[in-house]
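Open your viewer and get ready to click along. Each stop on this tour tells you what to select next and what you will find there.

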Amino acid sequence: MVTFTEKQEALVNSSFDVFKANLPQNSVVFFNSILEKEPAAKNMFSFLANGVDPNNPKLAAHAEKLFGLVRDSAGQLRAKGIVVAGTSLGSVHSQKGVTDPQFAVVKEALLKTIKAAVGDKWNEELSNAWEVAYDEMAGAIKKGMA
Ligand code: HEM
């Protein structure tokens, strides 16, 4: 069980809204950051075959789904202290051969993106709330990959 406060949930929710308000640009920051650290991801995501194309709507759609799931993770944690992931998520990621170090790369990219989106509202408390929500969702996905 993880203790996740109403304040932490509110921090994740409000910064998710800021992220979403400028979704196309934030999606570019997110995928560029992933590819910087993990060039192999270019061949994993079908929509990155031609690199990070700001005009490709699939980039934004995917980023919205992923960040939205981490936001939902915060809601689950506040309500019941645990996170359950959709059953298909484990198999999607195991089919793609996603590794533990790649989960760390995506986490770093997610934090960097939220930091860039919220600007001077960024602080340790906000970072920590996203980190816990991400780690617990990643853990739930990994369980489904086993
Ligand atoms: C908490 C972490 C993550 C969340 C919430 C998440 C979420 C998702 C979702 C919602 C999908 C779409 C599934 C579908 O359309 O059926 C997906 C697909 C995918 N994910 Fe993740 N993911 C996470 C971590 C990762 C990591 C670490 C990698 C490794 C690079 C990764 C690589 C992929 C790939 C390659 C696809 C298929 C994309 C495509 O070509 O359509 N994901 N993920």
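Where is the place of Leu35? Select Leu35 and you will land in helix H2. Before going further, two notes on the model. This is a predicted model, in which local features need pLDDT of at least 70 and side-chain atom pairs count only at pLDDT 80 or more, while totals for chains, interfaces and linings use all residues. Residues are numbered from 1 along each chain as its sequence is written.

**The whole chain**

Zoom out and colour by secondary structure. The chain has 6 helices and 0 strands. Helices (H or I, at least four residues) and strands (E, at least two) are DSSP runs, numbered from the N terminus. The radius of gyration of the chain is 15 Å, close to the 15 Å that the globule rule gives for 146 residues, so the chain is as compact as a globular protein of that length. That radius is taken over C-alpha atoms, and the globule rule is 2.2 Å times the number of residues to the power 0.38. Rotate the C-alpha trace: along its principal axes it spans about 40 × 40 × 20 Å.

Now select residues 3–146. An unreviewed UniProt entry annotates them as "domain: Globin"; such positions are given in the numbering used here, feature names are shortened, and annotations may be inferred rather than shown by experiment. Over this range the chain is 73% helix and 0% strand, with the end C-alpha atoms 26 Å apart.

**Back to Leu35**

Is Leu35 buried, exposed or partly exposed? Leu35 is partly exposed, because 18 other C-beta atoms lie within 10 Å. A residue is buried if 20 or more other C-beta atoms lie within 10 Å of its own, exposed if 12 or fewer, and partly exposed in between, with C-beta atoms placed from the backbone. Leaving aside neighbours within four places in sequence, Leu35 is in contact with Ala41, Lys42 and Val52. Two residues are in contact if their C-beta atoms, placed from the backbone, lie within 7 Å. Try a distance label too: Leu35 and Val52 are 17 residues apart in sequence and 8.8 Å apart in space, C-alpha to C-alpha.

**Leu48**

Next, select Leu48 in the loop between H2 and H3. Leu48 has 19 C-beta neighbours inside 10 Å, so this residue counts as partly exposed. Beyond four places in sequence, the contacts of Leu48 are Phe31, Ala41 and Lys42. For a long distance label, pick Lys80: the C-alpha atoms of Leu48 and Lys80 are separated by 36 Å, and the two are 32 residues apart along the chain.

**The nonpolar core**

Select Leu110, Trp130, Ala133 and Met137. These have the most contacts inside the largest nonpolar core, which has 31 residues. A nonpolar core is a set of buried Ala, Val, Leu, Ile, Met, Phe, Trp, Tyr and Cys residues joined through C-beta atoms within 7 Å. Helices H1 (6–21), H2 (23–37), H3 (57–80), H5 (100–118) and H6 (124–145) each supply at least two residues of this core, and H6 gives the most, with 8 residues. Stay on Trp130: not counting residues up to four places away in sequence, Trp130 touches Val12, Val70, Leu110, Leu111 and Ile114.

**Around the ligand**

Which residues are the closest to the ligand? They are Met44, Ser46, Leu69, Gln102 and Val106, among the 20 residues that surround the ligand. A residue is near a molecule if its C-beta atom, placed from the backbone, lies within 6 Å of it. H3, helix H4 (87–95), H5 and H6 are the elements that give two or more residues to this shell. By class, the shell has 14 nonpolar, 4 polar and 2 charged residues. Ala, Val, Leu, Ile, Met, Phe, Trp, Tyr, Cys and Pro count as nonpolar, Asp, Glu, Lys and Arg as charged, and the others, Gly among them, as polar.

**Last stop: Val2**

Finish by selecting Val2, in the segment before H1. With 15 C-beta neighbours inside 10 Å, Val2 is partly exposed. Val2 and Ala133 are 131 residues apart in sequence, and their C-alpha atoms are 9.9 Å apart in space. Not counting residues up to four places away in sequence, Val2 touches Leu77, Gly81, Val132 and Glu136.
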